[in-house]
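These are my notebook entries on one chain and on one pair of helices within it. I begin with the term on which the later entries rely.

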Amino acid sequence: MSEARTTPLLAVEKLRKHYFSPKPWIGKARPPIQAVDDVSFTVERGETLALVGESGCGKTTTAKSVVRLVEPTSGSVRLEGEELTTLSAEQMRQRRKDLQIVFQDPYASLDPRLPAGEIVAEPLRNFAGMTGAERKERVQWLFARVGLRPESAGKFPHEFSGGQRQRLGIARALALNPKLIVCDEPVSALDVSVQAQVVNLLMDLQAELGIAYLFVAHDLAVVRHISHRVAVMYLGQMMEVADRDTLFAAPRHPYTEILLSAVPVPNPRIRPQRMLLQGDPPSPANPPPGCRFNTRCPLAQPVCREERPPLTPRAAGAGSQWVACHFR
Amino acid sequence: MSEATTPPAEAARAGGAAANPPLLEVEGLRTTFDTLVGPVRSVDGLSFTVDDGETLGIVGESGCGKSVTALSILRLVPVPPGRHAGAVRYRGNDLLGLSEKQMRRIRGDRISMIFQEPMTSLNPVLSVGRQIAECVQLHQRLGRAAAMQRVVEMLKLVQIPEAERRAAEYPHQLSGGMRQRVMIALALSCKPELLIADEPTTALDVTIQAQILDLIKRLQRELGMGVIMITHDLGVVAESCDRVVVMYAGKKVEEATVLELFDRPRHPYTRALMASMPALSTRAARLTEIPGLVPAPHQLGRGCAFAPRCTYAEARCRVEQPAFRVDALGHGVACFVAEEGRIPEPLVEAAAT
């Protein structure tokens, strides 16, 4: 996060997404749901930034805002310096060549009536201006690259298993040589033994093609494995951003610390020192004032209820670490 | 374990209490579904026991039959398409032979279950208090006032704040973690002797998962009940179970105490599962993949179901079923290669740092 001479691949600044409900006929309008509130981060070329947090923290909304599948309320999203939020629909469509997305549910994100080959060829048909033969060749290459048999191009999505469908989704995202792929929980719907195959595939593709990932996940063990940097969100705001090793070895934000300690350890001889988080997260329609974590934070002081701590850098040995906390 | 009717190893483990039958004894359980593609064996010859106060883990991937096992124990599998064989003995009585009326007296009272999806398993049109009250009124013949008192007591037990107010609320008004706690309160309201938890935390966030596992453990200590913990997460197993059964394609492939299993996994599938799951301590650059897919239950061949994906599979594995054999330490495995000790020992993840 040093002053980059080159512009980062993706720069998100002060992103906000509030959902307003229509004013009812009688009575007062309900307060907007602040799904994402003032979130900033960058993704460099060829790196993986993981967005983690619990359900409802706004990580998926953030990811979808980047691709403008969700229109942000305010803030800026820049891809290679170009502002995406103000592009027209057609300009955005063109820009999506560089910016693809892989969805969580491999069952819902593929058209059940298109054969697999057509699903992967569709982006090529829309953008690449290839001849039929070139397209066919490219599809074959993509199939082979993601570990599907090229002969299976004629099959329909329901004939594939969950892991294979996720490979199809990856092949489709890969078709136009994007610079960034937003992965929205790409492995959480898969069986453990198949999950490893897809995680390895994503890492191989990055090594080979230099793609950057914005990797949304809640499984911290997978994140620990795949990412270079990790951003922790809570209730629509960024709590901590750090290099992976720094974050996992020395988390600073109390929420990060609690989150990491909650992960079960697959070793019966280790009895982890667990910090239990009491209660449930507050509603994003009515977030607490000050630091959003203050209602559940073991370190909370009066100042935390009054003033929101900004995300600021901390001097750390190995890598940069940005934390939004008054005391850490 | 599967060969003898009253296994001596079992009696020895019970520590002299051999006269009393164990809390739950499943023997040769076979659950078959009649489908259009022919009979499908979801659970195939499964045997295990659960003692009072003990937590037995059942681990496996989706489709391995672990949930069907749970449903079979409680006789919740619909019979026409389903069929049972074998025995499920609760304190010596075979549940599979009971009438539906007798079964209803056990279900929810002596043996109860927590389901994976708290949203779909609670009744959306009844307040949560009403649902818990219904259970205690039925089984324990409590009056209305006494039942409501028990409801509030149970909701407090599972640490739901403002229990009186929450009891009047409906499931959609509660968060996911809160709903799962209501499910637990419901399951424990009659102080059962056996609790079956089918992926109780899979739909929840890690911080809530930690709360729920902690809660189950605490209640188990207080009530002294046996627990069957069904999960695919080895982390959950390591933290909450005493003994573990690993299932693959409807069969038990390995069983051991939790320490023994993690120290010395013997079945290639157990090992592969451990290696393919990233942990926070994993430092390997690449995860170990298990090639191929979990087989569909109607596509099983004659041999070991794991053979097509197994690194150590031999010709024999593809044509013959390995029997489940228990070694001197009580560690059982169903694998020809492991039994003959031909799987190199150091394959065990060096991740235990």
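Entry 1, a term. I count two residues as being in contact if their C-beta atoms, placed from the backbone, lie within 7 Å. I also note that the model is predicted.

Entry 2, the helix pair. I looked up which residues of α5(B) meet α6(B). On the side of α5(B) I found Gly129(B), Ile132(B), Ala133(B), Val136(B) and Gln137(B). Their partners in α6(B) are Ala147(B), Met148(B), Arg150(B), Val151(B) and Met154(B). Sorted by class, this contact holds seven nonpolar, two polar and one charged residues.

Entry 3, the geometry of the pair. Two packed helices are described by the angle between their axes and the distance between the axes. I therefore looked up both values: α5 of chain B spans residues 128-140, α6 of chain B spans residues 144-157, and they pack at an angle of about 120° with their axes 9 Å apart. Angles from 65 to 115 degrees would count as roughly perpendicular and those over 145 as roughly antiparallel, so α5(B) and α6(B) are oblique to each other. The crossing of α5(B) past α6(B) is right-handed.

Entry 4, the whole chain. I recorded 14 helices and twelve strands for chain B. Its C-alpha atoms fill a box of roughly 65 × 50 × 50 Å along the principal axes. Does the radius of gyration agree or disagree with that of a compact globule? For 353 residues such a globule would have a value near 20 Å, and chain B has 21 Å, so the two agree.

Entry 5, burial and contacts. Of the 353 residues in chain B, 50% are buried. Among contacts between residues at least 6 apart in the sequence of chain B, 65% join residues at least 24 apart.

How values were computed
Residues are numbered from 1 along each chain as its sequence is written. Chains are lettered from A and ligands numbered from 1 in the order in which they are written. This is a predicted model: local features need pLDDT of at least 70, side-chain atom pairs count only at pLDDT 80 or more; totals for chains, interfaces and linings use all residues. Helices (H or I, at least four residues) and strands (E, at least two) are DSSP runs, numbered from the N terminus. The radius of gyration is taken over C-alpha atoms; the globule rule is 2.2 Å times the number of residues to the power 0.38. A residue is buried if 20 or more other C-beta atoms lie within 10 Å of its own, exposed if 12 or fewer, and partly exposed in between; C-beta atoms are placed from the backbone. Axes are lines fitted to C-alpha atoms, for helices over the stretch in contact, and angles run from 0 to 180 degrees between N-to-C directions. Angles under 35 degrees count as roughly parallel, over 145 as roughly antiparallel, 65 to 115 as roughly perpendicular and the rest as oblique. A crossing is left-handed if the near helix is turned anticlockwise from the far one by less than a right angle, and right-handed if clockwise. Ala, Val, Leu, Ile, Met, Phe, Trp, Tyr, Cys and Pro count as nonpolar, Asp, Glu, Lys and Arg as charged, and the others, Gly among them, as polar.
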